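Subject: Handing over a structure

Hi there,

I am passing a structure on to you, with the sequence alongside. Have a look at it first, and then read on for what turned up.

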Amino acid sequence: KGRGADAHTFWKTLRDCAHSPRFNFNALVKRAYGSVGSKWRRKINFPRRRTLARMVRFNEEWAATHVSATNPHVPPPPPPLGYVKKDDVPIELALPTSVRAALAEWMPLQYRSTKLDLIFSTNVHGRSLSAFYDRVSRTKHTVCLVEVLGTGATIGMFASQAWVSHKRPKIYGDGGCFLFRASPDPECYKWRPSEDDTQCDALLEQFQVSSEEYIAMGANKDGSSGLRLNEDMTRGESAPAAGFNNEPLAGSASDAFEVGVVEVYRLVREIDGVPVDGEDDHPAWALK
C-alpha cells in the first residue's frame, strides 16, 4: 500500500509538471544536453563499468577513514585533487590543498578521482596567447587558474572544450563550463540559466570565446565577460555573466585587474595517470 501511494504521488507530480503552462521542454533539453544556436550537443559520457569499479576500489581505503560511523547518511566531501609532480616545472597556484579541495567538490562526478597535470604556465612559457594555444589546444577539459595581483586571490574557469585560436572571436563549449574563485572564500558559479531569464540564447550560450586577442568565458549584454584575459595575459576582467550569475571573481572594487601567474592543467586519472581525454600519456607538446 505504501509503495502504491508513493508511485501514485510520483506519477501525479510528473503529470502536473508536464501539463503546467510553465513547463518548457526546450529549456529542459538544453539543460540536459547544452546547445549553441541550433546545434544540440551530445550528452556527457560517463566512465564504463570497469573504470568505475577501479575507481571504487581505489577510494575504499579513503572512505573507510573519512565516512562518519555515527552518521553514515551524510556524504563526506571528496578528497582534494592530486597533482603530478614535476621538479623542473613546479606548480604554484594549485599547490594549496584548500584550492584542490574546492576544485574536487566542483568537478563533474566523473572527474573527481583525477589529478591536475600542469601543461601551461606563464612562469615557464611566457605571457602570450600564442604560447597558451600551443600548449592547450589539444586538451579538451582544462582548469585555468589566474592570480589576481593586489589581492592575491586565485580565480579561474573550467573549460569543457579545447581552447583554440581563431582570427575572429568564436563561441563554443557547453553547459559543463563553470567559473570559480578558489581563494579566498571559495565559490563556484556553474551555468544555471533560469526559465525566467530574459537574455537571448546567443548571449546565454557564450560558454567559451577565443580569438587572437583574448579568451573569455561567459558574457553579458554590456559586452563584459565572466572572466576574460587579454592577448599578453597581463590584464583581466570579471563581471556578472548571463547564465552563470556570478559575482565579479576578482572582487567588487573593479571589474578590471592586473594578472599575475596563469596556470592551465589537464586532468589525468588518479589510478593510472592516463589523461581523461584519451590522449597519449607523453604527447610531443608535453612539458619538458
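A good place to start is R266, which is buried, with a relative accessible area of 4%. Please keep in mind as you read that this is a predicted model.

**Salt bridges**

R266 has a charged partner: its side chain meets that of D117 in a salt bridge, at 2.8 Å from N to O. The arginine belongs to strand β14 and the aspartate to strand β4, so this pair ties together parts that are 149 residues apart in sequence. D117 is buried too, with a relative accessible area of 5%. The pair also belongs to something wider, since K86, D117 and R266 are linked in a network of salt bridges.

How many salt bridges does the structure hold? The count is four. As general background, side chains of opposite charge can pair when their charged atoms come close.

Another of these joins E258 and R235, whose side chains meet at 2.3 Å, N to O. E258 lies in strand β14 and R235 in strand β13 (residues 235-237), so here the parts tied together are 23 residues apart in sequence. Are these two residues buried or partly exposed? E258 counts as partly exposed at 37% relative accessibility, and R235 is likewise partly exposed at 39%.

Then there is R269, which forms a salt bridge with D272, with the closest N and O atoms 2.6 Å apart. R269 is partly exposed, with a relative accessible area of 24%, and D272 is partly exposed as well, at 31%.

**Helix α6 and what covers it**

Next, you might turn to helix α6, which spans residues 129-136. Its buried residues are L129, A131, F132, Y133 and V136. What covers these buried residues? The cover includes the strands β4 (114-121), β10 (208-210), β11 (214-219), β12 (225-230) and β14 (256-269), along with helix α5 (122-125). You have already met β4 and β14 as the strands that hold D117 and R266.

**A nonpolar patch on the surface**

Finally, take a look at F10, W11 and L14, which form a nonpolar patch on the surface. Together they have about 350 Å² of accessible area. L14 lies in helix α1, which covers residues 2-18. This leucine is partly exposed, with a relative accessible area of 43%.

Enjoy exploring it!

Best wishes

Technical notes:
Residues are numbered from 1 along each chain as its sequence is written. This is a predicted model: local features need pLDDT of at least 70, side-chain atom pairs count only at pLDDT 80 or more; totals for chains, interfaces and linings use all residues. Side-chain values use heavy atoms; hydrogens and water are left out. Buried means under 20% relative accessible area, exposed over 50%, partly exposed in between (1.4 Å probe, protein chains only). Helices (H or I, at least four residues) and strands (E, at least two) are DSSP runs, numbered from the N terminus. Contact means heavy atoms within 4.5 Å. Patches are made of residues with over 30% relative accessible area and no salt bridge: like charges are joined within 9 Å, nonpolar side chains (Val, Leu, Ile, Met, Phe, Trp, Tyr) within 5 Å. Accessible areas come from the Shrake-Rupley method with a 1.4 Å probe; for residues, only the protein chains shown count as cover.
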